[in-house]
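Student: Please walk me through the pockets of this structure, and give me the reason behind each label.

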Amino acid sequence: MITGNPGTGKHTSARLVAKRLKAEIVDINRLAIENEAVASKTAKGLEVDMKKLGRLLASILKKKGNFVVVGHLAPYVVKPAGIDMVAVLRRSPARLEATLQERGYIREKVNENVSAEILGISLYDSIKAFGKRKVAEFDTTGKEPEQTAGDIIAAAQKKKPRRAGAVDWLAVISEEEVQRFFDY
Ligand SMILES: Nc1ncnc2c1ncn2[C@@H]1O[C@H](COP(=O)(O)OP(=O)(O)OP(=O)(O)O)[C@@H](O)[C@H]1O
Ligand SMILES: [Mg+2]
């Protein structure tokens, strides 16, 4: 499974991992959009019925085969049974800000996502839902997608240790950045 904040590189990595492992991608966002029973459009974006989405995912993942499940909602809708590893992608606040601005996100949405990344919410929620032995963290800042995909596969196949908790953006950002990103 590949999760993390929007803009950290999940889909780019998932495509490469799935290709190398000859696995099928299960894209949580796409499932939600394609199944109207699961998501409805509101002024603020998509409103997802997490219970229905969870059931839909469970029915897909019980099938035979290898899957790469991808999405920022993963820790909240995927059951731990049958999941080998959870890769949580991280990206520096400054890089993430640039990526989200390039996408045309409004300031409030940029800050919501960057501050969630600074606090490590995706990692915390993944460890809470899947246990720390299944969770590994990958910093994509300044890395090539191929490198990240290779690192994810090595950790999934236990050829490299699964590390989590080393990324600490609060220790490296400036006071000015704290003020800017948490102002919303
Ligand atoms: N090491 C890396 N691994 C993956 N993607 C990277 C890496 N370095 C840079 N990128 C780039 O980061 C950008 C964002 O990636 P992507 O769209 O895959 O993010 P995402 O996490 O899937 O976002 P969302 O949750 O909003 O769908 C892309 O332009 C991608 O090429
Ligand atoms: Mg994506």
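**Pockets and ligand**

Tutor: Six elements each supply at least two residues of the lining of the largest pocket: α1, α2 (28-34), β4 (45-48), α6 (107-119), α7 (121-130) and α8. This is a predicted model.

Student: What makes a residue part of the lining of the largest pocket?

Tutor: An atom within 4 Å of a grid point of the pocket. The largest pocket has 38 such residues, and Pro6, His72, Tyr105, Lys109 and Asn113 lie nearest its centre. α6 gives the largest share, 5 residues. The volume is about 1200 Å³.

Student: How do you know that ligand 1 sits in the largest pocket?

Tutor: The test is that more than half of its atoms lie within 2 Å of the grid points. Ligand 1 sits in the largest pocket, so it passes that test.

Student: Why is the pair between ligand 1 and the side chain of Thr148 called a polar contact?

Tutor: The cut-off is 3.5 Å between N or O atoms. A nitrogen atom of ligand 1 is 2.8 Å from an N or O atom in the Thr148 side chain, so the pair counts as a polar contact. For the side chain of Arg91 the distance is 3.1 Å, again to a nitrogen atom of ligand 1.

Student: What makes a residue count as one that surrounds ligand 1?

Tutor: A heavy atom within 4 Å of the ligand. 16 residues surround ligand 1, with Lys10, His11, Thr12, Arg103 and Thr148 among the closest. By class, 2 are nonpolar, 9 polar and 5 charged. α1 gives the most to this shell, 4 residues.

Notes. Residues numbered from 1 in each chain as written. Chains lettered and ligands numbered in written order. Predicted model: local features only at pLDDT ≥ 70, side-chain atom pairs only at ≥ 80, totals over all residues. Heavy atoms only, no water. Polar contact = N/O pair within 3.5 Å; in protein donor to acceptor, adjacent residues only side chain to side chain. 1 Å grid on protein atoms, 1.4 Å probe; cavity = no way out; pocket = protein on both sides within 12 Å on 5 of 7 lines; lining within 4 Å. Nonpolar A, V, L, I, M, F, W, Y, C, P; charged D, E, K, R; others polar. Points joined across faces, edges and corners; volume = space filled by probe spheres on them.
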